[in-house]
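User: Please go through this model with me as a set of short questions. I would like the cut-offs stated as the terms come up.

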Amino acid sequence: MTLDPTGRPLPMPPQDAPIQTPVWSAPVRRTRLSTVVWASIGIVVAALALLLVLVYLSTFLGPGALVVCLLLALVPLTLVMLAVRWLDRWEPEPRPALWFAFLWGAGVSIVTALVFDLGVQIVVATSGVARPAGDFTAAVIQAPLVEESAKGFGILLLFWVIRGQFNGPIDGVVYGAMIAAGFAFSENIQYFSVAMLDGGIADLGVTFLLRGVISPFAHVLFTACTGLAIGLAARRASGSSYLGAVLMGLLAAVLLHALWNGAFFFLTDDASLVGYYFLVQVPLFIVVILVMLMLRRKEEKLTVQRLGDYAAVGWFTPAEVAMLATPLGRRQARAWAHGQPPARRQAMNRFITDATRLASVRQRLVSAQLHPSRRGPARPDGSPDQIEEARLLGLLMTDRAAVLG
């Protein structure tokens, strides 16, 4: 019997089949029906919320201004999407989950902020609070709290629904970035339209420069803090330990958001704002990039280590571990698959993705063994991670069979 680093027996591959041949002949369902249902409902609801936002904006901006500014808002959105795609390459997240994240940010989070702001405006109007004080409070306190809470709740929803595929801090940052990208997209349409209607092309150009060119990653930076915290909590095995990490991440997101919004009240000219951005926001953004690079490197090492556990008992060969768990091996594998029929090419991509997810599940199991207080309640059919481990091992054998043809 082979044990993992914590002393827990590793699942053994079937003894009657060599590793180079298919191990499971029965097809393995890749997606649970309940996950598909929840994903469909979530995407439809979030899309309807986005449609409601666009209808709302068009009522006072006009369809012409809305279309022009929507096209302009696609520029910063494209920059963010390219960055998210790079970050998500090591372990790609499910496309429906990414679509839900974007629509949640662009629709549900915006609707939440608008409804809350409407309620606050009614209270302010009836209480006699001076308008400047109301503006400052709304921008520096209300907006960060409401918007980051709404965006963060979207990340939590994804964590609860696709727990088995929410594997670590990079996943949290990816989902947080997608939600933030959607939120900034809708918000930019509003800001661009108001600037064009109030000040013409000149004001629109300045606003586009500040929001679309200089600071397209501002909201991403805020919400990434919440996603990072939730992703770090995902590595733990007990739900009771999530709350503290999530609140810390949300607090960091709110403070960064408040710092950004507050600068517009104290720095009144464009030159000062640009200087503030390069002196404060750019260094923060560079720190985030360095953290992401460090996390990517850590994910690569973790994948090699955990797949090595399975290789020790015969699930993989050492060559397969190198192929599945190193950047060079993956590039070579995908280059080979590029010249193969589509079915083999898709199987190779699934082989790599499922192996990476298996390594993350194994890491959670190891963490649960090392820290018994983080374990969930005992179940007769095994913990959720043990069930997911068995499912992924079955998928990987099917993937290998498809790759070998």
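Analyst: Buried means under 20% relative accessible area, exposed means over 50%, and partly exposed lies in between (1.4 Å probe, protein chains only). This is a predicted model, in which local features need pLDDT of at least 70 and side-chain atom pairs count only at pLDDT 80 or more, while totals for chains, interfaces and linings use all residues. Residues are numbered from 1 along each chain as its sequence is written, and side-chain values use heavy atoms, with hydrogens and water left out.

User: Is Thr 223 buried or exposed, and what is its relative accessible area?
Analyst: Thr 223 lies in helix α6; helices (H or I, at least four residues) and strands (E, at least two) are DSSP runs, numbered from the N terminus. Contact means heavy atoms within 4.5 Å, and Thr 223 touches Glu 148, Lys 151, Ile 155, Gly 176 and Ala 180, not counting residues up to four places away in sequence. Thr 223 is buried, with a relative accessible area of 0%.

User: Where is the kink in α6 centred?
Analyst: End to end, the 17 residues of α6 reach 25 Å between first and last C-alpha, close to the expected 24 Å; the expected span of a helix is 1.5 Å times one less than its number of residues. Of those 17 residues, 15 are buried. The bend at a residue is the angle between axes fitted to the seven residues ending there and the seven starting there. The kink in α6 is about 30 degrees and is centred on Ala 224.

User: How many helices does the chain have?
Analyst: Of the 405 residues in the chain, 48% are buried. Among contacts with a separation of 6 or more, 81% come from residues 24 or more positions apart. The chain has zero strands, and its helices number twelve.

User: Which helix gives the most to the largest nonpolar core?
Analyst: A nonpolar core is a set of buried Ala, Val, Leu, Ile, Met, Phe, Trp, Tyr and Cys residues joined through side-chain atoms within 4.5 Å. The largest one has 56 residues, and those with the most contacts inside it are Phe 102, Leu 158, Phe 166, Tyr 175, Ile 189 and Ile 230. At least two residues of this core come from each of α1, α2, α3, α4, α5, α6, α7 and α8. With 16 residues, the helix that gives the most is α5.

User: How many residues are in the other core?
Analyst: In the largest core, Ile 230 is among the residues with the most contacts. Leaving out residues up to four places away in sequence, Ile 230 touches Gly 152, Ile 155, Leu 156, Phe 159, Phe 166 and Val 246. Apart from the largest core lies another, which includes Phe 316, Met 323, Ala 325 and Ala 337, and its residues number 27.

User: How far apart in sequence are the parts that Glu 91 and Arg 357 tie together?
Analyst: A salt bridge is a side-chain nitrogen of Lys or Arg within 4 Å of a carboxyl oxygen of Asp or Glu, and the side chains of Glu 91 and Arg 357 meet in one at 3.8 Å, N to O. Glu 91 lies in the loop between α2 and α3 and Arg 357 in helix α11, so the parts tied together are 266 residues apart. Glu 91 is buried at 5% relative accessible area. Arg 357 is buried too, its relative accessibility being 12%, and the separation asked for is 266 residues.

User: Which residue forms a salt bridge with Arg 400?
Analyst: Arg 400 is in helix α12 and its partner is in helix α9, 80 residues apart. Both residues are buried. The closest N and O atoms are 2.9 Å apart, and the partner is Glu 320.

User: What is the relative accessible area of Asp 399?
Analyst: Asp 399 forms a salt bridge with Arg 350, with the closest N and O atoms 3.6 Å apart. Arg 350 lies in helix α11 and Asp 399 in helix α12, so the pair ties together parts that are 49 residues apart in sequence. Arg 350 is partly exposed at 27%, whereas Asp 399 is buried, its relative accessible area being 0%.

User: What distance separates the C-alpha atoms of Ser 109 and Phe 153?
Analyst: Ser 109 sits in helix α3 and is buried, with a relative accessible area of 1%. Leaving aside neighbours within four places in sequence, Ser 109 is in contact with Trp 104, Ala 150, Lys 151, Ile 179 and Phe 183. Ser 109 and Phe 153 are 44 residues apart along the chain, and their C-alpha atoms are separated by 9.1 Å.
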